[in-house]
Structures are given as structure tokens and as C-alpha cells.
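User: Hey, can we walk through this one together?
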Amino acid sequence: MKNPLLQISNYRKPTFWIILLAIISCIVAGVCFLTNPNETATPEDNYVDVNLRDTTQFVEEWVKAFCDRNGEYIVRHTSDYVQTKLVNQGLMALEDGYYVFGWSSPWPMMANQNYRIESLDADKAEILYYAWSSDPHVTVWRETIEYTRENGAFIVTNEEILFLDNISLVRDFSLAYPDGVISNGVDYQANGFGESLNQHALSSESEIYTDLFEPDRAAVILLNLLPDTNKVKVTAATNEANSVSQVVIFFEDSSVGVEITMIKPFGENGIWIPKTRSNNDDAEEYFS
């Protein structure tokens, strides 16, 4: 058996670095015990971002259900008030025990060019739909939905659709074609409809198609303007190569004209389609 006094006499005081290391180890261990890995927060997962992500997901699901005419989804996520409105508008009906939503044409039916979410908040969103028919022709709808959460699920409490065809006001024109660019589903060069429309125009004598060979008339048709010169005035100036035309649209409710660049992407004898927009000129002389 070792002598206790000898053991004490052989004791050496721990160095400073050993003590410091022990203190750091205790602190780290304490933090680990106090932290729940399942509740670790990151900037991407804070409360606000989680709710915004959920809201974005719901709005995207709503838009997909709308385009797919998914009546059952629409019913599950709308209040009785909204359901009644949709029925009264002819957008929804109960047939053979199933909810039918939408109609055949025009309708936003292109998987990647159906819509554009124009704005999205915690309780409200605005969506642009690009509805097309077999002509082919594209019209713009602007839907506003208001929603809330009930028992963890989103419910649309109000829904309004503005069908932006026969446009006669600059306000409605800006709602249909925001940001100064003719883009998304209404770009006939990008959506693939332009070539088909051009073929129809070249082989048909219908006035609907023949007007597409004149830049001002093509602007009225393809931008869904009201064909009433008392309310909407359209002028055109074409370059020498006859490939680009600047069309200016004047609406009765505005002193500023909207300038549209029209192009002929399908050949010298092809149709005109709108490409970009900007504001230009004074409209007073056109509505005196």
C-alpha cells in the first residue's frame, strides 16, 4: 500500500492551459445540453419566412387548381360566400356529385405560360392569367384573392376576376401589361402562337386575320383593345425596311400615349405582333 503522505507530496498543480481547456469543455457541454437540435433556427426558417413560404405555396397551388379546373380543390379552399359567387358567375357548378370548375375556351391551359403572380401578401394576392383560344388568341385575366387560415388550412374569403378584353382605359391596359414589356403568355413570338396565327392569316381571307398585316390593326386585335376610334386612337409609323413599326395608342382617360413596338418576325409578308411598350406623346389632339 502506498504512503498517502507520499502521494500528496508527489501532487503537481495543473498547468494554466489544462485548467483553461477544462473550463471551455464544460461551457461547450452546457450549451449542447441546453440546445434542442429540432428547434435550431436559421434566417431562412424564422417565423415570418415560414409563413411567407406557406402562403406562396398555397397561392401557387390555387393557381394550378384554377388552370387545371380542379373544382374539388377550389371548394375545399373557399368560403361559402366565394363558392356562391363562383356559381353565380358561371365558373363553378355541381354536376353528378362533383364540382366542375371553368369552361372550355378561352382558358389558361399552357403549363409554363398560364399565369404570373403579380403580387403576394400575407392575406392577399393578384394573379395574371393568360387565357387562350384555338384561333390562337390570348386574353388577359387579373384575379384578386383574399385569404385567411382556418384550422391550419388556407381559405379564400373573397375572389374577383377582371377580364381585360375590349380595353378602353389606360388603367386597364396597365393592369393587363405591366412593367412596360409585352411578355409571358401574350408574347406571340415566345409562346409559339405567332407562327400558327401567321399561317392562318396567310391562308385565310377573314378580316380577323387580314387585319394582322397592318401594324395598327394588329395592335388592336392582339392587345385586346376596344375597336372604337371614339375611345381608343391608334397611329403607326413604320421604318423603311417595313420590319419595325412604332404604334402609339391613345386612351380617352389619359393625356399620355402608350407606344408599342410592333415587329414582323415571320418574314416580309408575315403578320405584325406587339413586343415592347413605353409612354409617349400627348393625347389632347386626338380627343378634342
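Analyst: Sure. A contact here means heavy atoms within 4.5 Å. Among contacts between residues at least 6 apart in the protein chain's sequence, 51% join residues at least 24 apart.

User: What am I looking at, source-wise?
Analyst: A predicted model, where local features need pLDDT of at least 70 and side-chain atom pairs count only at pLDDT 80 or more, while totals for chains, interfaces and linings use all residues. Residues are numbered from 1 along each chain as its sequence is written, and side-chain values use heavy atoms, with hydrogens and water left out.

User: How many helices and strands are in the protein chain?
Analyst: Nine helices and 10 strands. Those are DSSP runs, numbered from the N terminus: helices are H or I with at least four residues, strands E with at least two.

User: Which strands make up the open sheet, and in what order?
Analyst: Four of them, in the order S3-S4-S5-S6, with antiparallel pairing. Two strands pair if DSSP finds at least two bridges between them.

User: Why does one side of S3 and of S6 lack a neighbour?
Analyst: Strand S3 (115-120) and S6 are at the edges with a single partner strand each, so one side of each has no neighbour in the sheet.

User: And S3's pairing with S4, how many bridges?
Analyst: Five, antiparallel, with S4 covering residues 124-133. Leu 120 sits opposite Ala 125 in S4.

User: What about S5 and S6?
Analyst: S5 (residues 137-150) and S6 (residues 153-164) pair antiparallel over 11 bridges. Thr 144 has Glu 160 in S6 as its bridge partner. Their hairpin has two residues between the strands, and Asn 151 takes a positive phi near 55 degrees.
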